[in-house]
Amino acid sequence: MSTLAHTMMTAARSADSGLAGPGELDRYPYAEAPVADRVGTSVWDGADHQELGRVGRRAAGSRGRGLHGQLVQQLGQMIVSGDLGADRPLVPEEIGQRFEVSRTVVRESLRVLEAKGLVSARPNVGTRVRPVSDWNLLDPDIIEWRAFGPQRDDQRRELTELRWTIEPLAARLAAGHGREDVQQRLTDMVEIMGHAMAQGDALTFSRADAEFHSLLIQVSGNRMLEHLSGIVSAALQVSGNPVTGCDRPTEASLAYHGRIADALATGDGGGAEAAMRQLLTVHPEVERVVPAPREH
């Protein structure tokens, strides 16, 4: 096993960690919802409290981003799942009390959700949930939240269709922009996937898989495609596809990755494109449902 393969397999077994950095000042304070909107039922009373607990555990278990990142995860999942419907007011004080976090953490979290198109904040109006049509559906976090929520089937289908549009073209283009260092890295990723599959290490396989596809898009020579590499990485993490995903790596998926790498090395754009289409083929006997997220 190469040193790179050993290092990556070791790193994959370690939990992701990291704290969110200090939040920047909002361009204006998040105003409280008008009094009329706050009279009566609390915004949280309509949510499933059992679901809230499950979401909280998932956020804490899979995200090492501190309180700020965990709150973004919790609120984001609640909005995407429909627990917090469109135009619902989000009052910082209520959120802080419900999740036992400071107002600063709430403001930072709402600002992140606003950047994703999930909420809007206006002076004298307050913060409200935005309709689906306003969401940034290409945001990797929203891709994940949709994939593990009620829209999981739609998200799986849409991701598959998007990858069919992006990756075969990226593979063809990459064959004409090969660099020796990138080619070696792609070959290394195939080697790592092979070792990981032999050891039953699905996590390492998935991470090498994601890097392989990200590298391929980045070397395509098309800067607009490069910006889509994060979407493909997110799709790999939630696809549940035994051909391309990490849950059930197979000899076939490994072979297709190898064929792509070989085609790129020889400048065979047509061969790289064909191998990518084979890799993206969904086995007909596979249930088209995204699996539930694994506990870490």
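This note sets out numbered points on the predicted model shown above.

1. Overall content. The chain has 296 residues, of which 47% are buried. Its secondary structure comprises 14 helices and three strands. Among contacts in the chain with a separation of 6 or more, 73% are between residues 24 or more positions apart.

2. Confidence. The mean pLDDT of the chain is 75, and 69% of the residues score at least 70. For residues 45-64 the pLDDT is below 50, and this stretch has 29 contacts in the model beyond near neighbours in sequence. Residues 282-296 also have a pLDDT under 50. In the model, residues 282-296 have 30 contacts beyond four places in sequence. The reader should keep both stretches in view when consulting the model.

3. Helix α4. The end C-alpha atoms of α4 are 23 Å apart, which agrees with the 22 Å that its 16 residues should span at 1.5 Å a residue. Helix α4 is mostly covered, with 13 of its 16 residues buried. Gly82, just after α4, has a positive phi of about 95°. Asp87 is located in the loop between α4 and β1. Asp87 is not a glycine, yet its phi is positive, at about 75°.

4. Helix α5 and its surroundings. Glu93 belongs to helix α5, which covers residues 92-99. Because its relative accessibility is 28%, Glu93 is classed as partly exposed. The C-alpha atoms of Glu93 and Arg103 lie 6.8 Å apart, although ten residues separate the two in sequence. Arg98 is placed over the face of Phe99, at 5.5 Å from the ring centre. As to pairs of aromatic rings, the count for the model is zero, taking ring centres within 6.5 Å as the criterion.

5. Helix α6. With 13 residues, α6 reaches 18 Å from its first C-alpha to its last, close to the 18 Å expected at 1.5 Å a residue. The buried residues of α6 are Val105, Val106, Glu108, Ser109, Leu110, Leu113 and Glu114. Which elements cover these buried residues of α6? They include α4 (66-81), β1 (89-90), α5, β2, β3 (126-129) and α7 (140-147).

6. Gly117. Just after α6, Gly117 has a positive phi of about 85°. Its place is in the loop between α6 (103-115) and β2 (119-122). Is Gly117 buried or exposed? Gly117 counts as buried because its relative accessible area is 5%, and the cut-off for burial is under 20%. Residues up to four places away in sequence aside, Gly117 touches Arg130, Asp134 and Trp135. Of these, Arg130 is 13 residues from Gly117 in sequence and 7.0 Å from it in space, C-alpha to C-alpha.

7. Asn124. The loop between β2 and β3 contains Asn124. Asn124 has a positive phi of about 70° although it is not a glycine. Asn124 is exposed, because its relative accessibility is 72% and the cut-off for exposure is over 50%.

8. Val129. Val129 lies in strand β3 and counts as buried, because its relative accessibility is 4%. Apart from neighbours within four places in sequence, Val129 is in contact with Ile79, Leu84, Gly85, Ala86, Asp87, Arg88, Leu90, Leu118 and Val119. Asp87, one of these contacts, is the loop residue with the positive phi of about 75°. Leu118, another of them, is eleven residues from Val129 in sequence and 6.0 Å from it in space, C-alpha to C-alpha.

9. Helix α8. Helix α8 covers residues 152-174, 23 residues in total. Its span from first C-alpha to last is 31 Å, close to the 33 Å expected at 1.5 Å a residue. Where does α8 bend? The bend is at Arg163 and amounts to about 25°. Arg163 is itself one of the buried residues of α8. The others are Gln155, Arg156, Leu159, Thr160, Ile166, Glu167, Pro168, Ala170, Ala171 and Ala174.

Notes
Residues numbered from 1 in each chain as written. Predicted model: local features only at pLDDT ≥ 70, side-chain atom pairs only at ≥ 80, totals over all residues. Heavy atoms only, no water. Phe/Tyr/Trp six-rings, centres within 6.5 Å; stacked < 30°, edge-to-face > 60°. Lys NZ or Arg CZ within 6 Å of the ring centre and 35° of its normal. Helix = DSSP H or I, 4+ residues; strand = E, 2+ residues; numbered from the N terminus. Expected span 1.5 Å × (residues − 1). Bend = angle between axes of the 7 residues up to and from the residue. Buried < 20%, exposed > 50% of the residue type's maximum accessible area, 1.4 Å probe, protein only. pLDDT = per-residue confidence, 0-100. Contact = heavy atoms within 4.5 Å.
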